[in-house]
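Here's a quick briefing to read with the model open in your viewer. Where should you look to begin with, and what hangs together around that spot?

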Amino acid sequence: MNWMRRRTAEMGSRREVRYSEEHWKLLELLRTRARQTMERLSDNGIESLAFGSIARGDVTPKSDIDLFVRERIPSFRIELCIEEREILARVITQATPFSLIKGHLKLTGTIDISFPLIEPTDSEIDFHLLAGAVNTRELERSERKSGVDKRLMLIRPTREGHIEDPITDVSSGVLARRIGVSQRIVDERRRVLTRRRRVGTTGMHLERWLRGNESFEEVLSDLMKRDAALRRCVHQRGGL
């Protein structure tokens, strides 16, 4: 068995999934929650994307509602859009010493709003698109988008549910066209995701949970004073 066939066997084979009535109801419930939060952001001039299973349609009862604000804006503007009682936690994360530093607002209803604390690269924005992403207007129109899930399966929405294929069975060019990102991004993320699946993840490089009235920017500034690598990353990316 060659590498390609071995990887396909590990990920699973092509199949078509038809959604039950309960699945459609769950998807509509999660999308309604996402849309309500995204509309509050939009009403205050903040555009966001819903990405992952909620955009593709392949949700489960354990699915989170993942929202992403593409532009770097002061964190207080995002927090002002959310009722204080809805905020369960506020977290700063960075996957690796060189990757995007993000703030997270974890809300009731399994909603996670993430936003960049430094200028994001095109690749980092497209990473969210690779998982499948929809904006507020697309949610209103009940649109679903193709994307790659954590199993490295390409999920393609259909009227009845979805079709899934191992990404090893789909060329980078076809994958890029179906999702709407550049082939360079697909090749880059394919390498990262395949390696991640093979060797696993080692956890977040940075994960700082905020306390009380701490602000994202103040905490990041304090972290920079004690971490030269973090300081270089922020300065190179135009943060703070």
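Let's start with Val 219, which has 5% relative accessibility and so falls under the 20% cut-off for buried. Keep in mind that this is a predicted model. Val 219 sits in helix 9, residues 216–226, and its contacts lead us on to a strand and a pocket.

**Around Val 219**

- Leaving out residues up to four places away in sequence, Val 219 touches Ile 92, Arg 208, Leu 210 and Glu 214.
- For a sense of distance, try Arg 56: its C-alpha atom is 35 Å from that of Val 219, and the two residues are 163 apart along the chain.

**Strand 4 and its partners**

- Strand 4 covers residues 87–94, and 6 of its 8 residues are buried, so the rest of the structure largely encloses this strand.
- One partner is strand 5 (residues 101–107), paired with strand 4 in the antiparallel sense over 7 bridges.
- Those two strands make a hairpin, with 6 residues between them.
- To find the register, look at Gln 94, which stands opposite Ile 101 in strand 5.
- Strand 4 also runs antiparallel to strand 11 (residues 206–209), and 4 bridges join the two.
- On that side, Thr 93 has Glu 207 of strand 11 as its bridge partner.

**The second largest pocket**

- How big is the second largest pocket? Its volume comes to about 280 Å³.
- Helix 4 (75–79) and strand 4 are the elements that give two or more residues to its lining.
- Strand 4 makes the largest contribution to that lining, with 3 residues.
- The lining of this pocket includes Phe 76 and Glu 79, along with Ile 87, Ala 89 and Arg 90.
- Leu 210, which Val 219 touches, is one of the lining residues too, as are Arg 211, Gly 212 and Asn 213.
- Leu 80, Ile 82 and Glu 84 are also among the residues lining the pocket.
- Sorted by class, the lining comes out as 6 nonpolar, 4 charged and 2 polar residues.

**A four-stranded open sheet**

- Elsewhere in the list of strands, there's an open sheet of 4 strands in the order 1-10-9-8, and the pairing is antiparallel.
- Which strands stand at the edges? Strand 1 (15–18) and strand 8 (147–148) do; each has a single partner strand, so one side of each goes without a neighbour in the sheet.
- Strand 8 pairs with strand 9 (residues 153–157) over 2 bridges, in the antiparallel sense.
- For a landmark in that pairing, find Gly 147, which stands opposite Ile 155 in strand 9.

**The overall picture**

- Stepping back, the protein's secondary structure adds up to 10 helices and 11 strands.
- Taken along the principal axes, the C-alpha atoms fill a box of roughly 50 × 40 × 25 Å.
- Why call the radius of gyration of 19 Å in agreement with a compact globule? Because a compact globule of 240 residues would have a value near 18 Å.
- Of the 240 residues, 51% are buried.
- Among contacts with a separation of 6 or more, 64% are between residues 24 or more positions apart.

Definitions and conventions:
Residues are numbered from 1 along each chain as its sequence is written. This is a predicted model: local features need pLDDT of at least 70, side-chain atom pairs count only at pLDDT 80 or more; totals for chains, interfaces and linings use all residues. Side-chain values use heavy atoms; hydrogens and water are left out. On a 1 Å grid over the protein atoms alone, a cavity is a set of points where a 1.4 Å probe fits but cannot get out, and a pocket is an open set with protein on both sides within 12 Å along at least five of seven lines; lining residues have an atom within 4 Å of a point. Grid points are joined across faces, edges and corners, and a volume is the space filled by probe spheres set on the points. Ala, Val, Leu, Ile, Met, Phe, Trp, Tyr, Cys and Pro count as nonpolar, Asp, Glu, Lys and Arg as charged, and the others, Gly among them, as polar. Two strands pair if DSSP finds at least two bridges between them. The radius of gyration is taken over C-alpha atoms; the globule rule is 2.2 Å times the number of residues to the power 0.38. Buried means under 20% relative accessible area, exposed over 50%, partly exposed in between (1.4 Å probe, protein chains only). Contact means heavy atoms within 4.5 Å.
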